[in-house]
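Got the viewer open? Let's take a walk through this one, stop by stop, selecting as we go.

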Amino acid sequence: MDFRAIELSFLDWSGDALAIGLFEDAVELTGNLAQLDEKLAGTLKELIEESEFKGKDGSSAVTRVGTGSPIRKIIVVGLGKADALKLDSWRRAAAAAARLANKEKCKTLALALPVWHEAPDATAEAIVEGVELALYQDNRFKSETENKGLKLEQIDLLGLAGTEASITRAQQICAGVMLARQLVAAPANSVTPVTMAEAAQAIASEHGLEIEILEREACEELGMGAFLGVALASDLPPKFLHLTYKPEGTPRRKLAIVGKGLTFDSGGLNIKVAGSGVEMMKVDMAGAGATLGAAKAIALLKPDVEVHFISAVTENMISGHAMRPGDILTASNGKTIEINNTDAEGRLTLADALVFAEKLGVDAIVDLATLTGACIIALGDDIAGLWSPDDTVANQLLKASEMAGEKFWRMPLEEKYFEGLKSPLADMKNTGPRPGGSITAALFLKQFVKETPWVHLDIAGPVWTDKESGYNSVGATGFPVRTLVNWVLGDA
Ligand code: BES
Ligand code: MN
Ligand code: ZN
């Protein structure tokens, strides 16, 4: 798909579909819009009336324009209330217009959305993100190759001339989001620890990142007993992935991003029962998927920040080699863990990955994980949980997520709840009581970070969606690649 930023007025554009963005309760046709309606012999006014279009966020309508007109279809999209306008309003409006134009088999589309005058670049970036993310299709696992469905070839952003660099940026960020979506959507017989390592290797060679893949023996030498305990029952080799992006010159800061990488979570001997959603547990590597997606985007964007992308990748399976409930594991920082539930495996893999990350001497660590069902119970499917003992980095992430339109809610690191993890035998158990389950999970992780500012993100809900909405289609969302990218690029 080709994007062009041009100054042209919608009155002078010609092509398949013209999309006009309108605010809620402000759909009167005055000025230029009245002129356009006149040019279209009243079609625009008719469309608004007949579809009862009110400009509501995410709403859209389309109709055919009479022959002889320089445009074939006219589309209206709603931006919601003008005083509630956010970057995401542009993403969603652009997504709605692009979806509709594509459905109407248009090849060219002009987007005439209001421009945020203080930040035309942010406007263009949001629009391109909305279009790219909405039109993404995953046909990798379909045998039918015809009717792939992508008709749109060219999108013109009207009134946004000069924003070319932002368009490129948006495309680079979206390349990372698409990679994350592909990795998460692919089933566990396709995305395995071995193919995750290959994906990391491919990013490294394509974009010139440093890569280190630790095999089981190397992890043993580092004492990663928690990670390797989880890996025991898999027939596939565990892979500890470490990609590094280094800018030219001295980095402004050094960061680590650590993603949970369970390519499948059966629960282990505390096996997940029917009805627990076990058939969705291919998404349990979404943290690692977003980490690799962010790595790709960062490699393309080339900021002046050093970033380490880390994931301890394995499967949580069942066999005669499996770790047993009651086993005691020793993590790479020497702490001992009594396994009272083999289904709380993510925190075990993250424990060793966090210890590894801290040894790199970075300024901050963010981990992201599909860690607990409890977080979904607390915040629902659309909002991720955020925990941190450090207000500065927590606020950096919240700001980054606000810009990305990816929702997080800060949750408490209530130290008292660590009592629920006390073990009579070992330093801690791996699970506490059901109430506050996402909080005890965060407190568990905290045992593996000594002094580096650290943020934990529980993304179990938003990495997947069962319904199309905004710029997300059914399936993997690529959450929270754009938040991570904004955080790395941020000026903190
Ligand atoms: N991978 C799951 C969490 C999960 C649940 C991710 C739903 C995505 C959707 C995790 O490993 C897990 O099984 N957590 C347990 C923890 C419990 C045993 C303390 C859970 O949430 O039930
Ligand atoms: Mn589990
Ligand atoms: Zn899991």
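Start by selecting arginine 410: leaving aside residues up to four places away in sequence, it touches Leu386, Ser388, Asp390, Asp391 and Ala394, where contact means heavy atoms within 4.5 Å. Arginine 410 sits in strand S16 (residues 408–410). Helices (H or I, at least four residues) and strands (E, at least two) are DSSP runs, numbered from the N terminus. Is arginine 410 buried or exposed? Neither: at 29% relative accessibility it counts as partly exposed, because buried means under 20% relative accessible area, exposed over 50%, and partly exposed in between (1.4 Å probe, protein chains only). Now add lysine 254, which is 156 residues away along the chain; the two C-alpha atoms are 24 Å apart.

A quick word on what you are looking at. This is a predicted model, where local features need pLDDT of at least 70 and side-chain atom pairs count only at pLDDT 80 or more, while totals for chains, interfaces and linings use all residues. Residues are numbered from 1 along each chain as its sequence is written, chains are lettered from A and ligands numbered from 1 in the order in which they are written, and side-chain values use heavy atoms, with hydrogens and water left out.

Next, colour by domain: domain 1 is 2–162 and domain 2 is 171–489, with bounds from an automatic or database domain assignment. Their C-alpha centres lie 37 Å apart. The contact between them takes 19 residues from domain 1 and 21 residues from domain 2. About 1,700 Å² is buried between the two, and carbon and sulfur atoms give 58% of that; buried area is the accessible area (1.4 Å probe) that two parts lose on being put together, summed over both. Pick out Arg99, Leu133 and Tyr136 in domain 1: they lose the most area to domain 2, together 39% of what that side buries.

Now for the sheet. Six strands form an open sheet in the order S1-S6-S5-S2-S4-S3, with mixed pairing; two strands pair if DSSP finds at least two bridges between them. Strand S1 (2–6) and S3 are the edge strands, each pairing on one side only. Select S1 with strand S6 (residues 154–158): they run parallel, joined by five bridges. Zoom in and you'll find alanine 5 opposite leucine 157 in S6.

Which residues of helix H2 (residues 43–50) are buried? They are Thr43, Leu44, Leu47 and Ile48. These cover an arc of only 135° around the axis, so they fall on the same side of H2; the arc is that of the directions from the helix axis to the C-beta atoms. Flip to the face turned away from that buried side, and there are the exposed residues Glu49 and Glu50. The buried residues of H2 pack against strand S2 (15–22), helix H1 (31–39), strand S3 (60–64) and strand S4 (71–78).

Step past H2 into the loop before S3 and you meet glutamate 52. Its phi is near 50°, a positive value in a residue other than glycine, and glutamate 52 is exposed, with a relative accessible area of 60%. Jump to lysine 302, in the loop between helix H9 (286–301) and strand S11 (306–316). Lysine 302 also has a positive phi, about 50°.

Last stop: proline 480, in the loop between strand S20 (475–476) and helix H14 (481–489). Show the peptide bond from phenylalanine 479 to proline 480, which is cis, with omega near -10°.
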